Structure formats: C-alpha cells, structure tokens
Amino acid sequence: MADFLERKIGDLTIRIDRGTCIGTGNCMKLGEEVFDFDPEKICTFKDPLGDIERDQLIEACHVCPVDALIVIDAAGTQLVP
Ligand code: SF4
C-alpha cells in the first residue's frame, strides 16, 4: 500500500504520510469530513470527501501530533507542518 496519499481540496493539496501516522484520531475529530481510519487504524481520506471550510481543514491537519499531515497551497507554499 502507498505510504503517501494525496488529495486536492479547494486550493489546497493535502498529503497523508501513512508511514508516520500513529492513529491518534486527532485529525478526524476536527476534520471528520475528510479523514477516516482504514481497517488498520491508519489515517486515510474519506470517500467521498465531504465539504469542509479551508481554515477548519488546515486546523485538522495542524493538530496531528506527529506531523503526518502536510498542507500545500496553490502557490506551492507548505502551510502545515
Ligand atoms: S492526527 Fe496524525 S497521527 Fe492522528 S490519526 Fe490523524 S494523521 Fe494519524
């Protein structure tokens, strides 16, 4: 299985580093529309993705304790971590 998953959500690119995720679920508490556990309790994208505000999505990625969620804007600037 791929260690990295990536989705474009609005103007943001969200990347999940699944090899780093330790399954705390923090991201899902703030971003349940976007993040979910796979059967192995590793973070994955919801399918289909729900609607989420841009700021809420950034915050949901920001709360990952191991920096497994990467956010890059349209200009290529990394916003998280
Ligand atoms: S907050 Fe980070 S470590 Fe916790 S489930 Fe989400 S991606 Fe994994």
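## Leu 12, the ligand shell and some backbone details

Leaving out neighbours within four places in sequence, Leu 12 makes contact with Arg 7, Arg 54, Leu 57, Ile 58, Val 71, Ile 72, Asp 73 and Leu 79. The model described here is a predicted one. Leu 12 belongs to strand 2, which covers residues 12-17, and it counts as buried because its relative accessibility is 1%, where buried means under 20%. Asp 47, a residue taken up again below, is 35 residues from Leu 12 in sequence, and the C-alpha atoms of the two are 17 Å apart in space.

The ligand has 13 residues around it, and those that come nearest are Cys 21, Thr 24, Gly 25, Cys 27 and Cys 64. Sorted by class, this shell holds 9 nonpolar residues and 4 polar ones, with no charged residues. Helix 1, residues 26-30, gives the largest share of the shell, namely 3 residues. The space that the ligand takes up is the largest cavity.

How many disulfides does the structure hold? The structure holds 0 disulfides. Cys 43 is in no disulfide, since the nearest cysteine sulfur, which belongs to Cys 27, is 3.8 Å away, whereas a disulfide needs the two sulfur atoms within 2.5 Å. Cys 61 is likewise in no disulfide, and for this residue the nearest cysteine sulfur, again that of Cys 27, is 7.5 Å away. Is Cys 61 buried or exposed? Cys 61 is buried, with a relative accessible area of 2%, and Cys 43 is buried as well, with a value of 3%.

The backbone has some further details, beginning with two cis peptide bonds, which are set out in the table.

| Cis peptide bond | Omega | Place of the proline |
|---|---|---|
| Asp 47 to Pro 48 | about 5° | Pro 48: loop between strand 4 (43-45) and helix 2 (54-62) |
| Val 80 to Pro 81 | near -5° | Pro 81: segment after strand 6 (78-80) |

Positive phi values also occur in residues other than glycine. Lys 41 has a phi near 65°, and this residue is placed in the loop between strand 3 (35-37) and strand 4. Asp 67 is not a glycine either, yet its phi is positive at about 55°. The place of Asp 67 is the loop that runs between helix 2 and strand 5 (69-72), and with a relative accessibility of 43% Asp 67 counts as partly exposed, because this value lies between the 20% limit for buried and the 50% limit for exposed.

Definitions and conventions
Residues numbered from 1 in each chain as written. Predicted model: local features only at pLDDT ≥ 70, side-chain atom pairs only at ≥ 80, totals over all residues. Heavy atoms only, no water. Near = heavy atom within 4 Å. 1 Å grid on protein atoms, 1.4 Å probe; cavity = no way out; pocket = protein on both sides within 12 Å on 5 of 7 lines; lining within 4 Å. Sits in = over half its atoms within 2 Å of the grid points. Helix = DSSP H or I, 4+ residues; strand = E, 2+ residues; numbered from the N terminus. Nonpolar A, V, L, I, M, F, W, Y, C, P; charged D, E, K, R; others polar. Buried < 20%, exposed > 50% of the residue type's maximum accessible area, 1.4 Å probe, protein only. Contact = heavy atoms within 4.5 Å.
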